[in-house]
Number of protein chains: 2
Amino acid sequence: MPISPEPTPVSKRAEQIDTASRILDIAEELVQTRGFGGFSYADIAAQLDVTPASLHYHFGSKGDLGEALVRRYRMRFFAALEEIDRRPRQAPAKLEAYARIYSDALRLGRMCLCGMLAAGYETLPEPMRQEVVRFFDENEAWLVRVLDQGRKEGTLAFTGGTSAVAQSIISGLEGALLIARPYGDVGRFRSAATRLLTSLVRASRTSAGAAGGARTASSRG
Amino acid sequence: MPISPEPTPVSKRAEQIDTASRILDIAEELVQTRGFGGFSYADIAAQLDVTPASLHYHFGSKGDLGEALVRRYRMRFFAALEEIDRRPRQAPAKLEAYARIYSDALRLGRMCLCGMLAAGYETLPEPMRQEVVRFFDENEAWLVRVLDQGRKEGTLAFTGGTSAVAQSIISGLEGALLIARPYGDVGRFRSAATRLLTSLVRASRTSAGAAGGARTASSRG
DNA sequence: TTGCGGACTTACTAAGTAGTTAGTAAGCTA
DNA sequence: TAGCTTACTAACTACTTAGTAAGTCCGCAA
């Protein structure tokens, strides 16, 4: 639901949608709003109108569920990034699209799944930890490519290492999400995201499109 | 422990330190590393070498404990900010000292208490929620004063509203803390914090002290 | 010395936690 | 139609959770 518009997995048994996916959908929302320790099997089972025990049929343990959850989230997230890369765009537009992934979550009252898991990192089983770190690493790698592109095409300007800038984008957006949620205020996120991204956009006569693009992107929520 | 060096509250009964404070100290560390839902009375009791039930003597409910915890944290935090204001400094040095409060927590492997609580905001009892929001509001108010000072004295330069900039500093630092923790890497926080703050420091011939100050501050961890 | 109150402990409860077990009903396949 | 798989349920275990109630210990003041 949050990242891509959900590919509506067609059931083999005609009437009902794959139960494992529905479990993950419900768990995803619960993790993004309450954290991994903030819900129980009973919460998922109640929404599915099923016994808690039956969840163990699909996912042996809560850790297994969590691992599957982060993996699916990570893969969907990068599918969305590939979608951004699909048609040729300038770097500022890509960053703007990147930020929109975050604000889309916030609009549903959700934190980024991996941002939420980062908060409770110490309480996570090892396999989940690895998935979370991998999520951030791959985000960084994608951003580094966009930043390099922007530098080459002259649309972005920044000092310091590309990795450091990529990291500051990730942490800036995650932090903006974290703080905006208690206020229930998407505008608060938008404002911080716009500041962050426009500080990278190269100021020039022709930059109205680029900087303006970032503003446009984040002001449509 | 995290913010100010703890005023070692002298006991009335000579030998032992006030138990309520010790409970809060232990709870504070647990919340900052695991979240409010990530520990139980048993965890605190074990560290205090006391029965879980006896905690109820000092704090009627877990919510009461949490409320007292955030209130104490908030008050200590602002005592630290007043300490920064005490001797006259230029705005960049104040921002640098502000960032150091965050990195001090990270050095102990801790998240900002209110950042952690912001993640689990939906799971908090109402009185705790109010304390958390108040923490961020008062942070913003302090930062606004520093930003105004910097603008007047010519050490800071930024576009847009002062509140928006203050908010982006808070969320930038909270986010940097959030992401740095899974990596166990203070340098990662430092790098993001330095980028964030130096982007506000006015570039000039005499700015070596200011910008350099921010760099110095965050490179001593 | 007696009594009082602060700071507990012992012993409990009710509810919730993940997870296990054996069994069932429906459908698919050979 | 026999044997298998899928997707469960009912009933449990073992444990943890916050919270309660009643009683104990101990220093201190009258």
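I began at the DNA in this predicted model, and I noted that a polar side-chain atom of Thr19(A) sits 2.8 Å from a phosphate oxygen of DNA strand D. I then looked up Thr51(A), where a backbone N or O atom lies 2.8 Å from a phosphate oxygen of that strand. From chain B, I recorded Ser40(B), which has a side-chain N or O atom 3.1 Å from a phosphate oxygen of DNA strand D.

Next I listed the surroundings of the strand. I found 17 residues around DNA strand D, and those that come nearest are Thr19(A), Thr51(A), Tyr57(A), His56(B) and Lys62(B). By class, I wrote down 7 nonpolar, 7 polar and 3 charged residues for this surface. Looking from the side of the DNA, I saw that 74% of the strand D atoms within 4 Å of the protein belong to sugar or phosphate, while the rest belong to bases.

I also asked which helices supply at least two residues each to this surface, and they are α3 (52-58) of chain A with α2 (41-48) and α3 (52-58) of chain B. Of the contributors, α3(A) gives the most, with 4 residues.

Last, I turned to a helix pair within chain A. Helix α5 (residues 91-107) packs on helix α9 (residues 186-198) at an angle of about 165°, with the axes 10 Å apart. Because angles over 145 degrees count as roughly antiparallel, I entered α5(A) as roughly antiparallel to α9(A). The crossing of α5(A) with α9(A) is right-handed. Among the residues that meet here, I noted Leu95(A), Ala99(A) and Leu106(A) from α5(A), and Val186(A), Phe189(A) and Leu197(A) from α9(A). I classed this contact as 7 nonpolar, 1 polar and 2 charged residues.

Notes: Residues numbered from 1 in each chain as written. Chains lettered and ligands numbered in written order. Predicted model: local features only at pLDDT ≥ 70, side-chain atom pairs only at ≥ 80, totals over all residues. Heavy atoms only, no water. Near = heavy atom within 4 Å. Polar contact = N/O pair within 3.5 Å; in protein donor to acceptor, adjacent residues only side chain to side chain. Nonpolar A, V, L, I, M, F, W, Y, C, P; charged D, E, K, R; others polar. Axes fitted to C-alpha atoms, helices over the stretch in contact; angles between N-to-C directions. Parallel < 35°, antiparallel > 145°, perpendicular 65-115°, else oblique. Left-handed = near helix turned anticlockwise from the far one by under 90°. Contact = heavy atoms within 4.5 Å.
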